[in-house]
Amino acid sequence: MAEPIVRPATEADLDGITRIYDQYIVDSAISFDVEPWSRERRLAWWEDHQGHDRLVVLVAEADGEVVGAAYSSWYRPKVAYERSLETSVVLDGAWTGRGLGLRLYGALLDELAAAGAHRAYAVVTLPNDASVALHHRLGFRDVGVEDECGWKLGRWWSTLTLEKRLDDSAPDRP
């Protein structure tokens, strides 16, 4: 297998992104989605990401196939939050534990910093030691736990919110 390349996603990558993301939906609580994504939903998500320099979608591609994705989303829908982004990374199961998540997520954070993002936030379902370790390695810090906030697979799950400072500009400057 060839070493994956990290590049900006295109619309042609949406099926690969959905295939990977959907693996986290059905049998795990890593995603709080409970139904796999339809092509129409992923296309609407993609269209929402177009035309915004801080809404970034990257993929990792190996041998012509999408094997991972990292992307940002609005942290909250109000204008005051526009420089704070929620970030996510998903990998094909065959690519976990091989350093690709670190590389792909690092590239996303670099792009967000260059685009003027102020903070990146991640929400991790607990327990997930590997994801927490990845975020800590990338410079995220724990900022809070929401106890038993999501119901999935017949039980309650807690989440950890993590934050990474991308810009330490003076508080009086946006």
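**Exercise 1. Contacts across the chain**

Find what share of the contacts with a separation of 6 or more comes from residues 24 or more positions apart.

Solution. In this predicted model, residues 24 or more positions apart account for 63% of the contacts in the chain with a separation of 6 or more. Next, take burial. Buried residues make up 47% of the 174 residues.

**Exercise 2. Elements and overall dimensions**

List the elements in order, then judge the chain by its radius of gyration.

Solution. Start with the count: four helices and seven strands. From the N terminus, the order is β-α-α-β-β-β-α-β-α-β-β. The radius of gyration is 16 Å, close to the 16 Å that the globule rule gives for 174 residues, so the chain is as compact as a globular protein of that length. Along the principal axes, the C-alpha atoms fill a box of roughly 45 × 35 × 30 Å.

**Exercise 3. Backbone features**

Locate the cis peptide bond, then place Glu148 and Leu153, two residues with positive phi.

Solution. The cis bond joins Leu126 and Pro127, with omega about 0°. Pro127 sits in the loop between strand 5 (119-126) and helix 4 (129-137).

Now phi. Glu148 is not a glycine, yet its phi is positive, about 45°. Glu148 belongs to strand 6 (residues 141-152). For Leu153, phi is near 55°. Leu153 falls in the loop between strand 6 and strand 7 (155-165).

Last, accessibility. Partly exposed covers the range between under 20% and over 50%. Glu148 has 45% relative accessibility, so Glu148 counts as partly exposed. Leu153 has a relative accessible area of 48%, so Leu153 is partly exposed.

How values were computed. Residues are numbered from 1 along each chain as its sequence is written. This is a predicted model: local features need pLDDT of at least 70, side-chain atom pairs count only at pLDDT 80 or more; totals for chains, interfaces and linings use all residues. Side-chain values use heavy atoms; hydrogens and water are left out. Buried means under 20% relative accessible area, exposed over 50%, partly exposed in between (1.4 Å probe, protein chains only). The radius of gyration is taken over C-alpha atoms; the globule rule is 2.2 Å times the number of residues to the power 0.38. Contact means heavy atoms within 4.5 Å.
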